[in-house]
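Here are a few notes to go with your first look at this one. Take them in any order, with the structure open beside you.

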Amino acid sequence: MWTEVFTVFQKYMGTGLIMIWFAAALVFLFLTEKNRTRRILLVYYPVVMLLLYFNPLFADAFCRLVGSEIYFRVCWLLPVSVVLAYSTVLLAEHFKGKMKGLFLAAVLTVIILSGRPVYSNPLYSVAQNEYHVPDSVVHICDAIRYEGREVKAAFPYEMLLYVRQYSPFVCMPYGRDMMLGDFNDLFSLIQRDRIDVKELAELMNQQGCHYAVFAEKKEILGEPQDFDLKLFDTIDGYVIYQNLNLPLEY
């Protein structure tokens, strides 16, 4: 648990520069801020949240009650942006004329160097439609939607974040926790370059999946029809196999 807590925080920090700046801002406000309310909100509260986050007893209780896959959201309670903005304004007040402009320019430079462009993440892409999800997700979800009920489908890694964003009628047997290192046999299978249809059918039955979606270029081992799998459709470079063992009609 202790190792996982540090790993999650390292991912939250990004390059780490922003958190160094945040720590420096906390020290600065502790030494200079005289207003009691602002000291509580901008100094004591962040420190308490950090102590709680790194407290193994709190981490263990949180993960047992809520789930370890969302422990990273505790980091969202840190008022990093507010503390940095407020401390920057206080510091800027000590400069006059051109020096104030140079100081603010330096701060902006530090902000830019402290992070990475959002679109450098392979899971982000330029919007293709008004839903801000890949067109392939829209087309596949619309194709497998069944009037009057939800359907469950196994999707590959690159679609995980978008399916639930687009359609409330299409569920998955796993979620974004797959990106955090959790394990699911069905997810692991459809990530392989070679798909064993016997294993695919068994896992779909076990996890109550009506459909499995994966890239068309993957090699299929075995005959799908021998295991009650039907090629439902091919859309945008992805194949959709339907599990005939789980009829959609109630």
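**Notes on the fold**

1. Let's start with a turn residue. At 45% relative accessibility, Asp 236 counts as partly exposed. You'll find Asp 236 in the loop between strand 6 and strand 7 (238–243). Its phi is positive, about 50°, although Asp 236 is not a glycine. Keep in mind throughout that this is a predicted model.

2. Now zoom out a little to the hairpin around that residue. Strand 6 and strand 7 have 2 residues between them, and in this hairpin Asp 236 takes the positive phi near 50°. The two strands run antiparallel and are joined by 6 bridges. If you want a landmark in the pairing, look for Asp 233, which stands opposite Ile 240 in strand 7.

3. There is another aspartate with a similar story at the other end of strand 6. Asp 228 sits in the loop between strand 5 (219–221) and strand 6 (229–235). The phi of Asp 228 is near 60°, again a positive value in a residue other than glycine. Is Asp 228 buried or exposed? Neither, quite: with a relative accessible area of 36%, Asp 228 is partly exposed.

4. On to the sheet. What is the order of the strands in the open sheet? The 5 strands go 2-1-4-7-6, and the pairing is mixed. Strand 2 and strand 6 stand at the edges, each with a single partner strand, so each has one side without a neighbour in the sheet.

5. The mixed pairing is easy to follow from strand 4. With strand 1 it runs parallel, and 2 bridges join the two; here Ala 154 stands opposite Ala 212 in strand 4. With strand 7, strand 4 runs antiparallel, joined by 5 bridges. On that side Val 213 stands opposite Ile 240 in strand 7. Strand 4 is also mostly covered, with 5 of its 5 residues buried.

6. Which helix should you look at alongside the sheet? I'd pick helix 7, which lies across strand 1, strand 2, strand 4, strand 6 and strand 7. Helix 7 runs at about 140° to strand 6. Its residues are 135–144, and the buried ones are Ser 136, Val 137, Val 138, Ile 140, Cys 141 and Ile 144. A reminder for reading that list: an α-helix has 3.6 residues a turn, so residues three or four places apart point the same way.

7. What do the buried residues of helix 7 pack against? Their partners include strand 1 (151–154), strand 2 (170–171) and strand 4 (211–215), and also strand 6 and strand 7. Helix 8 (160–166) is on the list of partners too.

8. Away from the sheet, have a look at a helix pair. The axes of helix 2 (residues 17–32) and helix 6 (residues 98–114) come within 8 Å and cross at roughly 135°. That angle makes helix 2 oblique to helix 6. By class, their contact has 7 nonpolar, 1 polar and no charged residues. On the helix 2 side you'll see Leu 17, Ile 18 and Trp 21, which meet Val 107, Val 110, Ile 111, Leu 113 and Ser 114 in helix 6.

9. A word on the cysteines. How many disulfides are there? The count comes to 0 disulfides. For Cys 75, the nearest cysteine sulfur is that of Cys 63, 12 Å away, and Cys 75 is in no disulfide. Cys 75 counts as buried, at 1% relative accessibility. Why is there no bond at Cys 171? The closest cysteine sulfur, in Cys 209, is 9.9 Å from the sulfur of Cys 171, and a disulfide needs the two sulfurs within 2.5 Å, so the gap is too far for a bond. Cys 171 is partly exposed, with a relative accessible area of 25%.

10. Finally, a long span to try with your distance tool. Asn 35 has its place in the loop between helix 2 and helix 3 (36–53), and with a relative accessible area of 30% Asn 35 is partly exposed. Asn 35 and Ile 235 are 200 residues apart in sequence. In space, C-alpha to C-alpha, Asn 35 and Ile 235 are 61 Å apart.

Technical notes. Residues are numbered from 1 along each chain as its sequence is written. This is a predicted model: local features need pLDDT of at least 70, side-chain atom pairs count only at pLDDT 80 or more; totals for chains, interfaces and linings use all residues. Side-chain values use heavy atoms; hydrogens and water are left out. Buried means under 20% relative accessible area, exposed over 50%, partly exposed in between (1.4 Å probe, protein chains only). Helices (H or I, at least four residues) and strands (E, at least two) are DSSP runs, numbered from the N terminus. Contact means heavy atoms within 4.5 Å. Two strands pair if DSSP finds at least two bridges between them. Axes are lines fitted to C-alpha atoms, for helices over the stretch in contact, and angles run from 0 to 180 degrees between N-to-C directions. Angles under 35 degrees count as roughly parallel, over 145 as roughly antiparallel, 65 to 115 as roughly perpendicular and the rest as oblique. Ala, Val, Leu, Ile, Met, Phe, Trp, Tyr, Cys and Pro count as nonpolar, Asp, Glu, Lys and Arg as charged, and the others, Gly among them, as polar.
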